[in-house]
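I opened a fresh page to note what I looked up in this structure, entry by entry. I begin with a single residue and widen the view from there.

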Amino acid sequence: MVETLSIAVIGAPGVGKTSIIRQFIYNDFSEAYTPTRTRYVYRPSVILNGNMYELKILDVPPISSFPSSSSQEWLDLRCRGVRNANAYILVYDICCVESFEYVKMIRQQIVEHREGSSSEVPILVVGNKRDLQRQRFMPRRAVSVLVKKTWKCGYVECSAKFNWHVVLLFKELLGIAVARGMRQNHTSIRLQGALQRNRCAIM
């Protein structure tokens with residue numbers, strides 16, 4: 001039986017959430033910015049230590065706050081499935097401090113409001129637009145130390161535009177999930193077929 005892992009991708013407007021997802025699944029990038037207005041679900045398959053997994057990737061539109069209850073989650077169509085996701089990718093723009101503050105807020109709310117043990121849920125903070133490195137608002141090392149040491153989250157920087165570290169960030173997230181007990185044996189991680197359109201089923 002193929003196990004399904006649900007991953008919610010959350011971030012402020014314009015940070016490149018959808019671009020990251022589409023690069024991972026389709027090896028595709030569009031220069032045109034189209035705001036995410038409704039929740040969209042992608043279902044690529046990956047191989048992890050010889051086992052196949054279906055990823056249910058939730059492309060979440062910008063939300064004012066993480067749903068504090070199940071009733072709030074189901075009243076807002078954008079939030080459905082967010083509270084019980086198996087893992088979270090919180091995306092910010094390395095050139096925009098406001099988008100980082102948004103990620104900071106959402107991450108704190110996940111810790112406070114998520115059902116079950118929030119300390120065990122994998123959270124990966126992703127700094128996108130690394131190709132605009134010279135315009136960043138804070139040195140990479142400073143952000144990495146804050147996220148890893150204080151927030152206890154994983155951290156990766158990528159460029160959705162140039163498909164740099166996009167596969168790596170999903171590999172990193174699965175690695176965090178494995179390390180926190182989703183699978184006991186985890187000597188290696190291998191992603192296969194995620195960039196091939198005919199290996200993915202979009203719902």
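**Entry 1: a buried charge and its partners.** I looked up glutamate 157 first and found that this residue counts as buried, because its relative accessibility is 2% and the cut-off for buried is under 20%. I noted at once that the model is predicted, so I write each value down as computed from that model. Next I asked which side chain meets that of glutamate 157 in a salt bridge. The partner is arginine 130, with 3.1 Å from N to O. This pair ties together distant parts of the chain, since glutamate 157 sits in strand β7 while arginine 130 lies in the loop between β6 (123–128) and α4, 27 residues apart. Arginine 130 is partly exposed, with a relative accessible area of 24%. I also wrote down that Arg130, Arg136 and Glu157 are joined into one network by salt bridges that share partners.

**Entry 2: other salt bridges.** I looked up how many salt bridges there are in this model, and the count comes to six. One of them is formed by aspartate 28 and arginine 22, whose closest N and O atoms are 3.4 Å apart. Aspartate 28 is partly exposed at a relative accessible area of 28%, and for arginine 22 I read a relative accessible area of 28%, which also makes it partly exposed. Arginine 78 forms a salt bridge with aspartate 76, and here the closest N and O atoms are 2.8 Å apart. Arginine 78 is partly exposed, with 29% relative accessible area, and aspartate 76 is partly exposed, with 23%.

**Entry 3: a buried charge without a salt bridge.** I then turned to arginine 107, which belongs to helix α3 (residues 97–113). What does arginine 107 lack, although it is buried? It has no salt bridge, and the nearest side chain of opposite charge, that of glutamate 112, is 8.0 Å away. A salt bridge needs the nitrogen and the carboxyl oxygen to be within 4 Å, so I could see why this pair is not counted as one. Leaving out residues up to four places away in sequence, I found that arginine 107 touches Leu90, Ile123, Trp151 and Cys153.

**Entry 4: positive charge on the surface.** I looked for charges gathered on the surface and found a patch of positive charge made by Arg140, Lys148, Lys149 and Lys152. Arginine 140 is placed in helix α4 and is partly exposed, at 34% relative accessibility. Lysine 152 lies in the loop between α4 (140–150) and β7 (154–157), and its relative accessibility of 55% means that it counts as exposed.

**Entry 5: positive phi angles.** While I was at lysine 152 I checked its backbone, and its phi is positive, about 60°, although the residue is not a glycine. I found a positive phi, near 70°, for histidine 165 too, again in a residue other than glycine. Histidine 165 is in the loop between β7 and α5 (166–182), and its relative accessible area of 31% makes it partly exposed. I added asparagine 27 to this entry, since it follows α1 and has a positive phi near 55°.

**Entry 6: an enclosed helix and a buried leucine.** I went back to α1 (residues 17–26) and found that seven of its 10 residues are buried, so this helix is largely enclosed by the rest of the structure. Among the buried residues of α1 are Lys17, Gln23 and Phe24. Phe24 is also one of the contacts of leucine 55, along with others that include Leu5, Tyr42 and Leu174. Leucine 55 is in strand β4 (residues 51–59) and counts as buried, at 1% relative accessibility. Its C-alpha atom is separated by 5.9 Å from that of serine 6, although the two residues are 49 residues apart along the chain.

**Entry 7: the whole chain.** Last, I looked up the overall make-up and found five helices and eight strands, in the order β-α-β-β-β-α-β-α-β-α-β-α-β along the sequence. Of the 203 residues in the chain, 45% are buried. Among contacts with a separation of 6 or more, 68% are between residues 24 or more positions apart. I closed with the accessible surface, which comes to about 10,100 Å², with 50% of it belonging to carbon and sulfur atoms.

How values were computed: Residues numbered from 1 in each chain as written. Predicted model: local features only at pLDDT ≥ 70, side-chain atom pairs only at ≥ 80, totals over all residues. Heavy atoms only, no water. Helix = DSSP H or I, 4+ residues; strand = E, 2+ residues; numbered from the N terminus. Buried < 20%, exposed > 50% of the residue type's maximum accessible area, 1.4 Å probe, protein only. Lys, Arg positive; Asp, Glu negative; His and termini not counted. Contact = heavy atoms within 4.5 Å. Areas by Shrake-Rupley, 256 points an atom, 1.4 Å probe, with all protein chains shown as cover. Patch = residues over 30% accessible without salt bridge, like charges linked within 9 Å, V, L, I, M, F, W, Y side chains within 5 Å. Charge placed at Lys NZ, Arg CZ, Asp CG, Glu CD.
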